[in-house]
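Student: I would like a close look at one part of this structure, the parallel sheet and the helices packed around it, set in the context of the whole chain.

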Amino acid sequence: MTFDKLEIIEPILKAIGAKGYTHPTPIQEKSIPILLRKRDLLGCAQTGTGKTAAFAIPILQHIFNDATPEKGRRRIKALVVTPTRELAIQIKDNFSEYGKYTGIKNTVIFGGVKQGAQTKALNAGVDVLVATPGRLLDLIGQGYVSLRDVKYFVLDEADQMLDMGFIHDIRKVIDMLPKRRQSLFFSATMPQSIVTLAGKILGNPDKVTIKPEQTTAEKVGQSLYYVSKKAKPKLLAFLLKTEDVESTLVFSRTKHGADKVVKGLIKVGIQAEAIHGNKSQNARQLALSNFKAGSTKVLVATDIAARGIDVSELSLVVNYDLPNIPETYVHRIGRTGRASASGNAISFCDTEERPYLKDIQKLIKQDIDVVKDHPFLPGGVEDNAVEDVKPDKRRQQPRSSKSSNSSRSSNPSRSSNSSKSSRTPNSSNSSKPSYSGNKEWRRGNTASKKRTE
Ligand code: AMP
């Protein structure tokens, strides 16, 4: 299937051709025909699947086809609400790219920055508005935004929206929308709370489910390093120095942790920047554009800040801390291997994180390949040479204390080498500091087969 089979109008086809897209992704192939028929849509899909084009293309096409001469400034015809600033900016950029030959105007509004530039753009008139919920309500309250003429409404990343406590804001926005409209609702997961919310927004929607949990996990080469918490900074620096990687996104569970990782890397001469909620919007944007331009090779991020990051050619994702929510692992590794590309993800796992690992492997229905030969194996010479760090009081406790893994934690360093799984590190290796330059994570999925030989 190619794009020209989807009855997309010429100006949009030309723009997506210029972007180098030839074939629609599964969500685009399924959703675009439904949306072009002006049906409501309930989409179970996440960022990284090509979701933005799946909704942006039909909306642009409708606005283009509906166009009638307007008196005065343009009115907002499409509203996209999304949870984070980064995601909002990215969606706006995509609308600009896909719509560049349509004459359709858009803008983006989000909190954390002064509103002047945003209200100026709104006053000039736009067809499409991309917004985060808080700033949207704020500017509606001040009279800069009217939703009276909205015909197309997208609620994006609904599950994250609820996680971030936006439910009341969303309800308020929905109450202000005209009843006659086309509504699109996207969420990566569909728990009952999301289904209920979708019921309030959508009429009788068509449903599209794309399972990135499997597709992403299959596409991305994944490997696991058992390492003590204290040796993580050394292992990270070691990997970044020994491997020839263009761009690395490192995930830290906390903002404080992200800053610490950056400090540690800079100390050993590795240029890195952090991106998280305590940074100003401008600092976040600057770090992101440095990373996209390649002047910063390593970006350290928390999950919320990284949710919308779309960097093509992202070579490597490092889970410096394993996430305590298994779906987050899939979101993280989905930063690499986007659309049709393949990528690599490395995860560090200390003793406390064993229960998280178990949950992740259950979700992705596969064991992550363990790198058995690295210099910082727990209990090994290099590991013992690393000074103990003070315990981090902010650290969250593992979710399931009854896990069989945690029962081994009475002897942390040794226990991480004594799992029953054949893929776990070989305890006899732990006495050897030598490292044979294992680059298996770079080989993608083929590595898993080799490693079990
Ligand atoms: P999204 O899920 O919308 O964030 O898209 C993820 C990435 O896939 C972005 O970098 C898009 O530019 C890219 N993309 C979207 N659709 C296609 C396509 N049909 N072919 C190739 N890349 C695409």
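To begin with the whole, what percentage of the 453 residues in the chain is made up of buried residues?

Tutor: Buried residues make up 55% of the 453 residues, in what should be kept in mind throughout as a predicted model. The secondary structure of the chain comes to 19 helices and 14 strands, and of the contacts with a separation of 6 or more, 77% are between residues 24 or more positions apart. About 20200 Å² of the chain is exposed, with carbon and sulfur atoms supplying 50% of that area.

Turning to the sheet, we find 7 strands in an open arrangement with parallel pairing, in the order β10-β11-β9-β12-β13-β8-β14. Its edge strands are β10, at residues 272-275, and β14, at residues 369-370, each of which pairs on one side only. Strand β8 (residues 220-226) runs parallel to β13 (residues 343-349), and 7 bridges join the two; within this pairing, V220 of β8 has G343 of β13 as its bridge partner.

Helix α15, covering residues 326-333, packs on the sheet by touching β8, β9 (248-251), β12 (316-319) and β13, and its direction makes about 155° with that of β12. Helix α16, covering residues 354-364, lies across β8 and β13 and runs at about 160° to β8, so that, because angles are taken between N-to-C directions on a scale from 0 to 180 degrees, this value is to be read with the chain direction in mind.

Helix α11 (residues 232-242) deserves attention for its buried residues, which include K232 as well as L235, L236, A237, L239 and L240. The cover over the buried residues of α11 includes the strands β8, β9, β11 (298-301), β12 and β13, together with helix α12 (255-267).

The cysteines can be considered alongside this, since the structure holds 0 disulfides. C349 is buried with a relative accessible area of 0%, and C44, at 14%, is buried as well, because the cut-off for that class is under 20%.

Finally, confidence should temper the reading: the chain averages a pLDDT of 81, and 80% of the residues score at least 70. Over residues 391-453, however, the pLDDT is below 50, although this stretch has 117 contacts in the model beyond near neighbours in sequence. Where pLDDT is low, the predicted coordinates should not be read in detail.

Key:
Residues are numbered from 1 along each chain as its sequence is written. This is a predicted model: local features need pLDDT of at least 70, side-chain atom pairs count only at pLDDT 80 or more; totals for chains, interfaces and linings use all residues. Side-chain values use heavy atoms; hydrogens and water are left out. Two strands pair if DSSP finds at least two bridges between them. Helices (H or I, at least four residues) and strands (E, at least two) are DSSP runs, numbered from the N terminus. Contact means heavy atoms within 4.5 Å. Buried means under 20% relative accessible area, exposed over 50%, partly exposed in between (1.4 Å probe, protein chains only). A disulfide is a pair of cysteine sulfur atoms within 2.5 Å. Accessible areas come from the Shrake-Rupley method with a 1.4 Å probe; for residues, only the protein chains shown count as cover. pLDDT is the predictor's confidence in each residue, from 0 to 100.
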